[in-house]
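Trainee: Could we go through this structure together, with me asking and you reasoning each answer out?
Mentor: Gladly, let's have a look.

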Amino acid sequence: MAIGIGLGLVCALMLAGCASATAFRVDRSDVIGPYQSAVPDRDVLFGVALSGGGSRAALFGQAGLEALARLRTADGASVIDKISHLSSVSGGSIAAAYYALKKPGRDVKVLNADATLSDAYRTFFETYRTELSQDFETSLIWRQLLSFRWINSALAAKTLAEILGQRLYGDARLRDLAAREKGGDSPGLIINTTLYNNGRRLALTSLPAEAFTYDFFADLDRSLQKQGRRLDPSSISRERWDRLRPMTPIEINIDPCPAGLAGSVTASASFPPLVGPLTLKIGDDETYWHAGDGGLYENQGLESLILLYLKQLQLKRAKRAVMVLFDSSFPFAVGERRLLRRAEPFSLLTFDFSRIPSIMEERATTYQTLFFQSLQIEGVFPDNKTITVVNLRHTEAKWAADMSDLPPACKAEATPLASPEEVKERIAEIPTRLVLNSECDRQLLFTAASKLVDEHGARILEFLDRP
């Protein structure tokens, strides 16, 4: 009898979860409201990109921003005072949105006279780290079960938005962030997600669409003319290039300003088929857009920044642009090592479906890197003294051979890590989830971010301080 009741309950839960979720209706708009922002007129544009990777990425991004705060520029300011934009995907969006919403305002000093963090910023970063260390995953699972939403991925996205709103962002809207940006209290925010309709990136931002319309073919033609060459790009090439440009909400008839911050982050951090995508109904039209997982094919959050800054350089509204990427993407090689040790064939319950998009992402990132560097060499894109990326990967921090820099929580473990190689292996295998329970893992990410900023700080400062 008990078995029968149990089976009946399981079936009821599954049937409830399989019920169709309704689309989120948004008002149709053809213009951005009064909160539309613009790229600031600065000689040097400084962007920070936070990659995807669940709680691992959120905490690494937080640690990276804190490490940047401790860097002092030639004029005595903190490096974070110079940030023009934050661009993020997935787990990185959780950290970027929190920073843009809650960092102290422009009137609060970042550094004391001795280059230590001010009390206000020390308190902010401590709270920031604690808030992002929460277990969002267990809360998501339990709320899905108790609200009879399991196993519907669209309803899981709704649940995640509720949790992020209650725990991190409240009822904040993108217009609130745009107001902070205009007041000089925070950098501009670009939350990246993916449109399943056309495969293009959707940049959730208060920037207008034209901010990202870098004319690649104009610079290509200029470079070729210098070499006495001519190329007439095909219509297919032009169409393909346009598909690389991120779309903005207004292009799908949505004013971004009223959009909820928690929902925007959820659209970026969802990971179908478990969570999302989100479905948006545009006004009274029978038009639906499906958005989810900002890390599809480009998990760094860098692409939107590159196009944004190339456009400003092309218009000669800026002299230089530097981007710091905190990249904690799950290392592709970890999956290879695991599969080399796997004897069992794949099955529905044991197959890691994330390996499929990881393969595509790995190839896309490789081509993207070669494309950018090749066009710099050929003189199509500005050289690396004009626009550059400082890539800080969580697995590439250097550790002392004697383990003197091992974080306290790791030294307290039953079997402490014994070599730099073991530390790197441990960091590399931190999983992509919305929880990170190990205090050792959290401290490793924090220490790695600090090490990487220390190692590359001179390069960042040279770019920012150069006349």
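What follows is a short conversation about two residues, the nonpolar cores and a pair of helices in this predicted model.

Trainee: Is Tyr121 buried or exposed?
Mentor: Start with its place in the fold: Tyr121 belongs to helix α4, residues 119-132. Its relative accessibility is 0%, and the cut-off for burial is under 20%. Tyr121 therefore counts as buried.

Trainee: Which residue shares a side-chain polar contact with Tyr121?
Mentor: Setting aside neighbours within four places in sequence, Tyr121 is in contact with Ile80, Lys103, Pro104, Gly105, Val108, Lys109 and Val110. A polar contact of 3.1 Å links the side chain of Tyr121 to that of Lys103.

Trainee: How is Ile190 classed, buried or exposed?
Mentor: Ile190 sits in strand β4, which spans residues 188-195. Leaving out neighbours within four places in sequence, its contacts include Leu86, Ala203, Phe212 and Leu308. With 0% relative accessibility, and under 20% being the cut-off, Ile190 is classed as buried.

Trainee: How far apart are the C-alpha atoms of Ile190 and Tyr98?
Mentor: Along the chain, Ile190 and Tyr98 are 92 residues apart. In space, the separation between their C-alpha atoms is 13 Å.

Trainee: Which helix gives the largest share of the largest nonpolar core?
Mentor: The largest nonpolar core has 91 residues, and Phe46, Leu68, Tyr169 and Leu261 have the most contacts inside it. Eleven residues of this core, its largest share, come from one helix, residues 439-465: α16.

Trainee: What does Phe46 touch, and how many residues are in the other core that lies apart?
Mentor: Not counting residues up to four places away in sequence, Phe46 touches residues including Leu68, Val79, Tyr309, Ile460 and Leu464. Apart from the largest core lies another core, with Ala203, Tyr214, Leu305 and Ile387 among its members. The number of residues in that other core is 31.

Trainee: How are α5 and α6 oriented to each other?
Mentor: Two packed helices are described by the angle between their axes and the distance between the axes. For α5 (residues 136-146) and α6 (residues 153-169), the axes come within 10 Å and cross at roughly 125°. That angle is neither 65 to 115 degrees nor over 145, so α5 and α6 are oblique to each other.

Trainee: What is the handedness of the crossing of α5 and α6?
Mentor: Residues on both helices meet here: among them are Phe136, Leu140 and Arg143 in α5, and Leu160, Ile163 and Arg167 in α6. The crossing of α5 and α6 is right-handed.

Conventions
Residues numbered from 1 in each chain as written. Predicted model: local features only at pLDDT ≥ 70, side-chain atom pairs only at ≥ 80, totals over all residues. Heavy atoms only, no water. Helix = DSSP H or I, 4+ residues; strand = E, 2+ residues; numbered from the N terminus. Buried < 20%, exposed > 50% of the residue type's maximum accessible area, 1.4 Å probe, protein only. Contact = heavy atoms within 4.5 Å. Polar contact = N/O pair within 3.5 Å; in protein donor to acceptor, adjacent residues only side chain to side chain. Core = buried A, V, L, I, M, F, W, Y, C linked by side-chain atoms within 4.5 Å. Axes fitted to C-alpha atoms, helices over the stretch in contact; angles between N-to-C directions. Parallel < 35°, antiparallel > 145°, perpendicular 65-115°, else oblique. Left-handed = near helix turned anticlockwise from the far one by under 90°.
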